[in-house]
Amino acid sequence: MTDATKTVASAPAVRRPEATVSAIAWSKHAAADTIDERLTAIANARSKLKTLSGPFVQSRTIGLLATKVISTGKLTLVRPDRFRWDVNEEQVSYWVAPEGLAYKGQQGHGRLAATQKMSKDLDELRAWLSGDPRTLRDRYDIAEVASDGGAGVVLEATPKSGQTTHFARVTLTLDADLVRPRKVVLVEGARDKTEITFGELNKDAVIDPTVMRLPD
């Protein structure tokens, strides 16, 4: 082998630009297939769910006030479209339903009819907590990220370019059954976010229909 031949043989392979583009495209396609499969698995696992109920701890960070507010309570959810949020410290209950929002506590009560924008936001919330996450693909880029320990699935969503959403980022941690949420992190801005950590949520417990009705 001549010196010239040795030089050519030992030189590193040069990847052509079109090969690099093809590799990137394939990687993105594979990732899209993977997240599609995961979201479909979640939707299928939740399809027979009737109710969820159990405790939560909520931590609300408000950057403007440089403060953190921690509260506890109970989530009661009846598929496909109703849930109730009872907050112990404030002694107040909130309802979310197709017809709108309501609250009731020691300081009084109120009710709001669902506007078009509100309905879209509520549909998102339902999809995250107990619905079909595939319906969020139009507004969010969704990826599966590494879990911080233990069994379960972690999804991270960021708004797609041109989409106006209430949250800058949503991170959802699901139990291994792909049904029960363990934790939801809702980032509204650089300094404002809400973290909700759920305790043991009961699936398909019988819920009294009267507790899910919006107060008058």
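Buried means under 20% relative accessible area, exposed means over 50%, and partly exposed is whatever falls in between, worked out with a 1.4 Å probe on protein chains only. With that in hand, Trp85 is easy to place: at 12% relative accessibility, Trp85 counts as buried.

Before going on, a word on what you're looking at. This is a predicted model, so local features are described at pLDDT of at least 70 and side-chain atom pairs at pLDDT 80 or more, while totals for chains, interfaces and linings use all residues. Residues are numbered from 1 along each chain as its sequence is written, and side-chain values use heavy atoms, with hydrogens and water left out.

## Strand β1 and its partners

Let's start with the strands. Helices (H or I, at least four residues) and strands (E, at least two) are DSSP runs, numbered from the N terminus. Two strands pair if DSSP finds at least two bridges between them.

Strand β1 covers residues 51-62, and it pairs with β2 in the antiparallel sense over 12 bridges. If you want a spot to find by eye, look for Leu52, which stands opposite Leu77 in β2. β1 is also joined to strand β11 (residues 193-198) by six bridges, and these two run antiparallel. Here Gln58 has Ile196 in β11 as its bridge partner. Then there's strand β12 (residues 202-203), which pairs with β1 over two bridges, antiparallel again. In that pairing, Ser53 stands opposite Asn202.

Now pick out Ser71, which sits in strand β2 (residues 67-78). Is Ser71 buried or exposed? Ser71 has a relative accessible area of 6%, so it is buried. Contact means heavy atoms within 4.5 Å. Not counting residues up to four places away in sequence, Ser71 touches Phe56, Val57, Gln58, Val87 and Glu89.

## Aromatic rings

A pair of aromatic rings is described by the distance of the centres and the angle of the planes. Rings of Phe, Tyr and Trp (its six-membered ring) pair if their centres lie within 6.5 Å; planes under 30 degrees apart count as stacked, over 60 as edge-to-face and the rest as tilted. By this rule the count comes to three aromatic pairs. Two of them are set out here.

| Pair | Centre to centre | Angle between planes | Type |
|---|---|---|---|
| Phe56 and Trp85 | 4.1 Å | 20 degrees | stacked |
| Trp128 and Tyr140 | 6.0 Å | 75 degrees | edge-to-face |

Phe56 lies in strand β1 and Trp85 in strand β3 (residues 82-87), so this pair ties together parts that are 29 residues apart in sequence. Phe56 is buried too, at 2% relative accessibility. Phe56, Trp85 and Phe198 also form one aromatic cluster.

The other pair links distant parts of the chain as well: Trp128 is in helix α3 and Tyr140 in strand β7 (residues 140-145), 12 residues apart. Both Trp128 and Tyr140 are buried.

## The nonpolar core

A nonpolar core is a set of buried Ala, Val, Leu, Ile, Met, Phe, Trp, Tyr and Cys residues joined through side-chain atoms within 4.5 Å. Which residues touch the most other members of the largest one? Of its 34 residues, they are Leu75, Trp85, Trp128, Ile142, Leu155 and Phe198. Helix α3 (residues 116-129) gives the most to this core, with four residues.

Trp128 is worth a click. Leaving aside its neighbours within four places in sequence, Trp128 is in contact with Arg46, Leu136, Ile142, Ala157, Val170 and Leu172.

## Loops and backbone angles

Gln107 lies in the loop between β5 (100-105) and β6 (108-113). With a relative accessible area of 79%, Gln107 is exposed. Gln107 and Glu90 are 17 residues apart in sequence, and their C-alpha atoms are 9.4 Å apart in space.

For a change of scene, go to the loop between β2 and β3, where you'll find Pro80. The peptide bond from Arg79 to Pro80 is cis, with omega near 15 degrees.

Next come two positive phi values. Leu178, in the loop between β9 (169-174) and β10 (181-187), has phi near 65 degrees, a positive value in a residue other than glycine. Leu178 is buried, with a relative accessible area of 11%. Asp204 lies in the segment after β12, and its phi is near 65 degrees, again positive in a residue other than glycine. At 40% relative accessibility, Asp204 counts as partly exposed.
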